[in-house]
Amino acid sequence: MPLAKASGDYPSAPSWRSSRFGFYLGVLLVTFGVLLQLPDVRVMIDHARLKADADLPSGAPGMESMDASEGMSMWTPTMLIGMLLLLVGFFVAAQSLFRGTRPSTDIAGIGVESIEHGRLRPIYWATAAVLTVALVVDVMKPLTLGFVLPGMGQEYDMPLEAVTILPLVALTGTAVGSVVWGLLGDRFGRRSALLLATLLFIATSACGAMPSFEWNLVMCFVMGSSAGGLLPLVFTLVAELTPRRHRGWVAVTVGSIGGLGGYLAASEAAHLLEPSLTWRALWLIGLPTGLLLLVLAPLVPESPLFLLRAGRHDEAKAILERYGSHLDGSTTSLSAGGVARPGMGTLLRTYPAVTAVIGVVGLFWGLVNFGFLVMLPAQLHEAGMAGGAASGVLAKSALYSAPALVLVVFLYAGWSGRRALALFVGATGVALSAMAIWAEGAGGQPLLVAAIALLVLSLSAVNAMLLPYSAEIYPTAMRATGSGFAGAATKFGGILGPSAMLLILALHDGLAVPAVALTVLCGVSLLLLLRFGPEVHTSFGRRPRRSDKKPAQPEEPTTTTPVRQ
C-alpha cells in the first residue's frame, strides 16, 4: 500500500539528526548538574551514618546540620549551581526536540491505523527489549518509595506517619505526568516525549541531595511526573511498532516483565545500597539507569504512524523499510476534520463511554492495590494474626505473579483482550468477597490464604493488561493521550485509596465493609467493561467474533467507541 499523502499544510519537522546537538547539550548539562551535588550528598550520608551509629539525638553536638528545621541552611554554592544546570539543561533539550515541530491541526486523509511485518526482524526485538528496560525503570522508581521511608524518617527525626505523605505526593506527580506526557506524545511525537521524560527522570536523581524533607517532596513530585510519562509512551510505541497479530501478547508480556522486573530491581537496589549508602543512594541510581536508556535510545524509532499523521512521509517510509514493515491496507482513511486537535478534552468528547470505562477500571484497581492491599497487613495484625501464612503470601507476591503471567498473555492474546481483562477484574471481586466472608468469621485461614493469593494474582494481571488494552483501543491521533489517561486513573485510585480505607475503618472496624464496598465497585467496572469496552485483535490473527462488540469505523469520529486496531 503506498503511503497516503496527508491533506492540509503540515510543516516539515526537524529530524532527530538536526536536533541531537541541542539535546545532547541538555543531557550533558543535566548530568553535570547531578554530579555537582555528589560531594554534598557524601557529607549528608556521613552525617546520617554517624548519627545512626552513635544513636545521638538530632540536637546533639555535631548533629545540628541534620535537623530538618535547619535543612535549608545546607544549600551550598555547588548545589545551587547544579540545580540551575538541571533547569537550563532540561529546557535546552526540550527546545531542541520540539523546535520547529508544530502539532497537526487535523488528522485528515491518513489511511493507516496499523502496520504489518513480513517477519519480526532482530531490530524489532532489540526495540522491544529497550522499551521493556524503560518500563522496568519506570516501575522501579515509585516502588523505591517504600524502601526510603524508614531511613528518611530517622534522618529527619520525623514519625513514620508524617513521612508517608511522600508516596502520596509522588503518586500525584505520576498521575499528572501520565496525562501531560501522553498529550506531548500525541502532539510532538512519542520518541521525542520519551527522550525528554527520560532526561527529567535523570534530573530527579538530585532528590538524593535534597537537604530537607520539604524539598524531597518537591523533587519526588517531579520524579513521579517523569516516571508517569514513561508508562503511556512505552505502550504507545509498542502498539504502533508491533504488527497487529502479535500486538496483544507482546504488549502484555512487556507489561508483565516490566512490572515484575521493576519490583525486583527496587528491592535488590535497596538490599545492596541502602545499608552502606543510606536511602539517598536509591534516588541517585536514577542517573545511571536514565543514562542507560539514553544510550539505548537509537534502537527506538519514532512511530511511523505518528510520522504519517504529521505528514513526514519520507521518515515514515525509512522506518517501515528498516523494520521490514508494510501498511495495513484493510483500514479506511480517517475523514477530513475528524479530530480538531489531540487533547484530553477531545478524548472525553469523542469517546466518552470508552474513556469512562477505562477511568472506572483504573480507579478500581488503584483503590484496591494502593488502598486495600497496602493496609491489609495492619488489619490482619489487628485481627489477631501475627504474620503466619497470610503474611507469607503477601511477602511473596512477586513470586505468585510470575507463573500467572503466562496465563495472562495466553488469555489476552489468544482468546479475547476485553474478556481477559474482564475475567481478572471479576476475579478481583471474587477475592474481595472471600475476604469479606473471612472477616465475618467464616471459612477460616485456608479461605484467607486463597483469597490473598487470588487478589495478588488478579491485581497483577489487570495491571499487566490495562495499559496495553488502552493503547490498542484508541486511534493513532489520541493513543498516547488515552494511555496516559489510563495510567493517571490507576494513580488517582492510589491517591484516594489509603484515605478511603482510613475513613471506612474509622466508621466500621474490620475488613468486611471496605471489601464489600470495593466488590460493588468491581461489579460496576465489570458491567461497564463488558457493555462498552471494544474488542481487540488477537495474536493469532483471528478477528473478533460477530458477537464481540464492534468499535465504530473511523469515518464516525463522534461515536463513543474508538477505532478498532
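# Close-up views of a predicted model

**View 1. A nonpolar surface patch that includes Leu25 of helix H1.** The place of Leu25 is in helix H1, which covers residues 16-35, in a model that is predicted. Leu25 is partly exposed, because its relative accessible area of 35% falls between the limits of 20% and 50% that bound this class. Together with Phe21 and Leu28, Leu25 forms a nonpolar patch on the surface, and the accessible area of these three residues together is about 340 Å².

**View 2. The whole chain, as a frame for the close-ups that follow.** The chain contains 22 helices and two strands, and 58% of its 565 residues count as buried. About 21,600 Å² is exposed by the chain, and carbon and sulfur atoms supply 68% of that area. Among the contacts in the chain with a separation of 6 or more, 84% come from residues 24 or more positions apart. A search of the whole structure finds five salt bridges, several of which are taken up in later views.

**View 3. The largest nonpolar core, seen around Phe372.** The largest nonpolar core has 150 residues, and those with the most contacts inside this core are Trp283 and Phe372. Helix H20, which runs over residues 444-473, gives the most to this core, with 15 residues. In soluble globular proteins, nonpolar side chains tend to be buried together. Which residues are in contact with Phe372, once its neighbours within four places in sequence are left aside? They are Leu367, Leu432, Met435, Leu455, Met501, Leu511, Pro514, Ala515 and Leu518.

**View 4. Leu363 of helix H16 and its contacts elsewhere in the chain.** Leu363 lies in helix H16, which covers residues 352-382. Is Leu363 buried or partly exposed? Leu363 is partly exposed, since its relative accessible area is 24% and the buried class ends at 20%. Apart from its neighbours within four places in sequence, Leu363 is in contact with Ala489, Phe492, Gly493 and Leu496. Leu363 and Ile495 are 132 residues apart along the chain, while their C-alpha atoms are separated by 9.7 Å.

**View 5. Thr174 of helix H7 and the backbone oxygen of Gly224.** Helix H7, made up of residues 165-188, holds the place of Thr174. Thr174 is buried, because its relative accessible area of 5% is under the limit of 20%. The side chain of Thr174 reaches the backbone oxygen of Gly224 at 3.3 Å. With neighbours within four places in sequence left aside, Thr174 is in contact with Gly224, Ser225, Gly228 and Lys491.

**View 6. Arg190 and its salt bridges with Asp186 and Glu240.** Arg190 forms a salt bridge with Asp186, in which the closest N and O atoms are 2.7 Å apart. Arg190 counts as buried, its relative accessibility being 0%, and Asp186 likewise counts as buried at 0% relative accessibility. The side chain of Arg190 also meets that of Glu240 in a salt bridge, with an N to O distance of 2.7 Å. This second pair links distant parts of the chain, for Arg190 is in helix H8 (residues 190-203) and Glu240 is in helix H9 (residues 213-241), 50 residues apart. Glu240 counts as buried, with a relative accessibility of 0%, and a polar contact of 2.7 Å joins its side chain to that of Arg190. Side chains of opposite charge can pair when their charged atoms come close.

**View 7. A salt bridge between Glu472 and Arg247, with a note on a salt-bridge network.** The side chains of Glu472 and Arg247 meet in a salt bridge, with an N to O distance of 3.9 Å. Glu472 lies in helix H20 and Arg247 in helix H10 (residues 244-277), so this pair ties together parts of the chain that are 225 residues apart in sequence. Glu472 is buried, and Arg247 is buried as well. Elsewhere, salt bridges that share partners join Asp186, Arg190, Glu240 and Arg479 into one network.

Key. Residues numbered from 1 in each chain as written. Predicted model: local features only at pLDDT ≥ 70, side-chain atom pairs only at ≥ 80, totals over all residues. Heavy atoms only, no water. Core = buried A, V, L, I, M, F, W, Y, C linked by side-chain atoms within 4.5 Å. Buried < 20%, exposed > 50% of the residue type's maximum accessible area, 1.4 Å probe, protein only. Helix = DSSP H or I, 4+ residues; strand = E, 2+ residues; numbered from the N terminus. Contact = heavy atoms within 4.5 Å. Polar contact = N/O pair within 3.5 Å; in protein donor to acceptor, adjacent residues only side chain to side chain. Salt bridge = Lys/Arg side-chain N within 4 Å of Asp/Glu carboxyl O. Patch = residues over 30% accessible without salt bridge, like charges linked within 9 Å, V, L, I, M, F, W, Y side chains within 5 Å. Areas by Shrake-Rupley, 256 points an atom, 1.4 Å probe, with all protein chains shown as cover.
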